[in-house]
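User: Could you take me on a close look at one part of this structure and the surroundings it packs against? I'd enjoy one connected walk through it.

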Amino acid sequence: MLLGTEAYLRQLPGVADTEAGYANSLAEEPAYKGVCSWKMGAAETARMSYDAGAIPLSLLLEAYLRTIDPLSFNRQGNDRETQYRAGIYWTDPTDESVVQASLSALELRLEQAPYIEAAPLVNFFPAEAYHQDYLARTPSGIVM
């Protein structure tokens, strides 16, 4: 069974909730079909709520980085195009330094710069119901 980012992060102690959605869209209330048109600028993402006392952001970032290929440009697994770019988006400005430190450490380990967008979260729109808990309902990750 595949284990995507949202499902993986949900299992971590201290993670209270996850939700699939679209981050930093140029359009209000984007939908999957529009996001796939590449004109909305949105990234498919998993938003999470967590208890920083139970799990620090640095550990969450380590977990996230285990679920992606940081050297893939606009691609994760079989999914390709700009909406599938890897990204980390924060809501608290103090998180930026933790994110940047994590990405710098990753770059040192990889000996090259990863393709991971790092930016403040401008907006987030929940994905359609069929995207929520997607791999729990579609274990192969492929819709026929």
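Analyst: In this predicted model, Asn 24 counts as buried, because its relative accessibility is 16% and the cut-off for buried is under 20%. Asn 24 sits in the loop that runs between strand 1 (15-23) and helix 2 (32-35). Its side chain reaches the backbone oxygen of Pro 120 at 3.2 Å. Leaving aside residues up to four places away in sequence, Asn 24 touches Met 40, Gly 41, Ala 42, Tyr 89, Pro 120, Leu 121, Val 122 and Asn 123.

Two of those neighbours, Tyr 89 and Pro 120, lead us straight on to a pair of strands. Strand 5 (86-90) and strand 6 (residues 116-120) pair in the parallel sense over five bridges. Within that pairing, Pro 120 of strand 6 is the bridge partner of Trp 90. So what joins the two strands? Here the answer is a handed unit: strand 5, helix 4 and strand 6 make a right-handed β-α-β unit.Strand 5 is mostly covered, with five of its five residues buried. Ala 86, Ile 88 and Trp 90 point one way from strand 5, while Gly 87 and Tyr 89 point the other way, and all are buried.

The side of strand 5 that carries Ala 86, Ile 88 and Trp 90 brings us to the largest nonpolar core. This core has 12 residues in all: Leu 57, Leu 61, Tyr 64, Leu 65, Ile 68, Ala 86, Ile 88, Trp 90, Val 99, Leu 103, Leu 106 and Ile 116. Helix 3, strand 5 and helix 4 (95-110) are the elements that give two or more residues to it. Helix 3 provides the largest share, four residues. As a general background, nonpolar side chains tend to be buried together in soluble globular proteins.

Ile 116 is a good place to see how the core is put together. Not counting residues up to four places away in sequence, Ile 116 touches Leu 65, Ile 68, Pro 70, Ala 86, Gly 87, Ile 88, Leu 103 and Leu 106.

Now to helix 3 (57-66) itself. Its buried residues include Leu 57, Leu 60, Leu 61, Ala 63, Tyr 64 and Leu 65. What covers the buried residues of helix 3 includes helix 1 (5-10), strand 1, strand 2 (43-50), strand 5, helix 4 and strand 6. The spacing along a helix is worth keeping in mind: an α-helix has 3.6 residues a turn, so residues three or four places apart point the same way.

Helix 3 also carries a salt bridge, between Arg 66 and Glu 62, whose closest N and O atoms are 4.0 Å apart. Because they are four residues apart in helix 3, Arg 66 and Glu 62 are separated by about one helical turn. Arg 66 counts as exposed because its relative accessibility is 55%, and Glu 62 counts as partly exposed at 42%.

A search of the whole structure finds four salt bridges, and another one lies in helix 1, one of the elements covering helix 3. There the side chains of Glu 6 and Arg 10 meet at 3.1 Å, N to O. Glu 6 and Arg 10 are four residues apart in helix 1, about one turn of the helix. Glu 6 counts as buried at 11% relative accessibility, whereas Arg 10 counts as partly exposed at 35%.

A further salt bridge takes us back to the paired strands: the side chains of Arg 85 and Glu 117 meet at 3.0 Å, N to O. Arg 85 lies in the loop between strand 4 (79-80) and strand 5, and Glu 117 lies in strand 6, so the pair ties together parts that are 32 residues apart in sequence. Arg 85 counts as buried because its relative accessibility is 16%, while Glu 117, at 31%, counts as partly exposed.

Arg 85 in turn introduces a second asparagine, Asn 74. Asn 74 touches Asp 79, Arg 80, Glu 81, Thr 82, Tyr 84 and Arg 85, again not counting residues up to four places away in sequence. Its place is in the loop between helix 3 and strand 3 (75-76). Asn 74 is buried, because its relative accessible area is 18% and buried means under 20%. Asn 74 and Tyr 115 are 41 residues apart in sequence, yet 8.1 Å apart in space, C-alpha to C-alpha.

To draw the walk together: Asn 24 is a buried loop residue whose side chain reaches the backbone oxygen of Pro 120. Pro 120 is the bridge partner of Trp 90, and Trp 90 belongs to the largest nonpolar core.

Methods
Residues numbered from 1 in each chain as written. Predicted model: local features only at pLDDT ≥ 70, side-chain atom pairs only at ≥ 80, totals over all residues. Heavy atoms only, no water. Buried < 20%, exposed > 50% of the residue type's maximum accessible area, 1.4 Å probe, protein only. Contact = heavy atoms within 4.5 Å. Core = buried A, V, L, I, M, F, W, Y, C linked by side-chain atoms within 4.5 Å. Polar contact = N/O pair within 3.5 Å; in protein donor to acceptor, adjacent residues only side chain to side chain. Pairing = 2+ DSSP bridges. Right-handed = clockwise from strand over helix to strand, strands pointing away.
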